[in-house]
Amino acid sequence: MIKAQNLLAGVWEDNPKATTFQSVNPKTKKPLKIHFQEASDTQVDEAVTQAATIFDSYAETSLEKRIEFLKAIQKELETVRSEILQIYQEESALPEGRAQGEFDRTLGQIQLFVELLEAGSFVQATIHTTGPDLRKMLHPIGPVGVFGASNFPLAFSTAGGDTISALAAGCPVIVKAHPYHAGTSALVAETIHNALISCGLPAEVFSHLNGTSHRVGMKLVCHPSLKGVGFTGSFAGGKALYDLAQSREEPIPVFAEMGSVNPVFISEKRLAKDQTLSETLAQSIALGAGQFCTNPGIVLFCDPQGKSNLVEHVSSHLNLMKLPPMVHAQIEKNYLAQLEKLSQNKALQSLLKSELSTAAVGLVSGKELMNHMNLTDEVFGPFSLFVQCHSVEEMNAIAEKISGQLTATILAEKEEYPNLEPLIQKLKNKVGRLLFQGVPTGVAVTQAMQHGGPYPAATDGRFTSVGTDAIYRWLRPIAFQDCPNQLLPKALQNENPLSLIRAIDGKPTRKAL
């Protein structure tokens, strides 16, 4: 059963006086039946205060206990899989296949953190025995606030990568549910709560807050006991939270993954030889109705003679696709407004709209783009701006001016590789992930993945929100000098009771001291 209340430190607290709201079915545009209660200022304060109260005890839980907890979340999610998938589709209009895939991805992410905890080396135990005895390791930062993402109701939301990485690190979590999929979020929150109870862990480790107004998020970020924030969404939303966090008496880190147009650079020979290029690009643009943060929003192709029909071919493929509505009417409204604004921009040579959906492609020359760099702003939805360039040098010049991105892609033939070095050097300073085959849409959930990038793609390009390295956002180093062995954390004790790989005087080893 979906709870309409807010989950505060283990209690679904009913507030008859609360403002209520409903999630909406994007297909029918009709609200769903449950009236969710918006969290009050008092409830936000209670959730964070209770999390802070038990932080020390949760931070000291053994890795084995956290493994048990994560496995319990997996088990609880499986017990309500059908209910979650049903409300997921009702709230998002995303198809069953996408729902199943995202559910499995969510379980898979949890499993990766189970395996990370089993290895234990993420604590980065480092020991220096000559001179003062110095022993350093990573320690959780404190209670973390996580904002659910609108476009990923599961994988980037209540039990998504931000939440699971923080819980694995030893940080209590307060989730601010996204109102577009409040029902999905509430069901998942119940599974985390049940997992805590089954493991005998404090219920205060996890709280779940509802709300449509910015007030709830602002109160959460401004709470003096909160120590970090995870966010996936728009540039405006992420920047607002970041600015708010830095204006506190004690500034805290905000790890926000924000807008990105993920430029694709296509060489002249690749443009001529790749017969599947237009279809591949069209599929990438349309995937998930364009609501992926790695959607290829700008495609730059080298066409000195102006003979390529790439844009028309991509448009033809898009014309054959029937896309679902976007996850919420407001997102679609904003997207269509951006398209209308583009249609009035005289710099564009053309704007081709699909006959069956909201998909569209635009065309502009490289020269015009250089004079109108605002065209590189993200248009969130199934749209890409194609840029006709007359030379590799022109693409290099544009790459120099493009702002920070999650990804960039270079598609070229082998014989063109010697000429790519200047472009690669420029893009290395602009992106978190550089692709040389395929398209950027989609993110592999592995330790080697980097999902983040220089500002404004993210607030801190040194970190990733996907893969097990996401845990490092919620940890900080602490060193112990000349500390008695029995007072040290187990990871640093002479006997190495956790059997970790530790750096001792610069050499990795599992040996005890």
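Strand S5 (residues 126-128) and strand S20 (residues 502-504) pair in the parallel sense over 2 bridges. Strands are DSSP runs of E with at least two residues, helices are runs of H or I with at least four, and both are numbered from the N terminus. Two strands count as paired if DSSP finds at least two bridges between them. Within this pair, Thr126 stands opposite Ala503 of S20.

The model is predicted: local features need pLDDT of at least 70 and side-chain atom pairs count only at pLDDT 80 or more, while totals for chains, interfaces and linings use all residues. Residues are numbered from 1 along each chain as its sequence is written, and side-chain values use heavy atoms, with hydrogens and water left out.

**The two sheets**

S5 and S20 belong to an open sheet of 5 strands with mixed pairing, in the order S19-S6-S5-S20-S21. A further open sheet, also mixed in its pairing, is formed by 7 strands in the order S14-S15-S16-S13-S12-S17-S18. The edge strands, each of which pairs on one side only, are listed below with the average angle by which neighbouring strands are turned against each other, direction ignored.

| Sheet | Edge strands | Average turn between neighbours |
|---|---|---|
| S19-S6-S5-S20-S21 | S19 (475-481), S21 (507-509) | 25 degrees |
| S14-S15-S16-S13-S12-S17-S18 | S14 (350-353), S18 (431-435) | 20 degrees |

For these angles, axes are lines fitted to C-alpha atoms, for helices over the stretch in contact, and angles run from 0 to 180 degrees between N-to-C directions.

In the sheet of 7 strands, strand S17 (residues 405-411) pairs with S18 in the parallel sense over 4 bridges. Gln405 has Val431 of S18 as its bridge partner.

**Helices packed on the sheet of 7 strands**

Helix H12 (residues 310-319) packs on this sheet, where it touches S12, S13, S14, S15 and S16. Contact means heavy atoms within 4.5 Å. The direction of H12 makes about 170 degrees with that of S15. Helix H15 (residues 392-401) also packs on the sheet, touching S12, S13 and S16, and its direction makes about 135 degrees with that of S16.

**Helix H9**

Helix H9 (residues 235-246) has 12 residues and spans 16 Å from its first C-alpha to its last, close to the expected 16 Å. The expected span is 1.5 Å times one less than the number of residues. Gly238, Leu241, Leu244 and Ala245 of H9 are buried. They lie on the same side of H9 because they cover an arc of only 130 degrees around the axis. Buried means under 20% relative accessible area, with a 1.4 Å probe and protein chains only, and the arc is that of the directions from the helix axis to the C-beta atoms. The cover over these buried residues includes strand S7 (144-147), helix H8 (214-222), strand S10 (228-232) and strand S11 (254-257).

Key:
Buried < 20%, exposed > 50% of the residue type's maximum accessible area, 1.4 Å probe, protein only.
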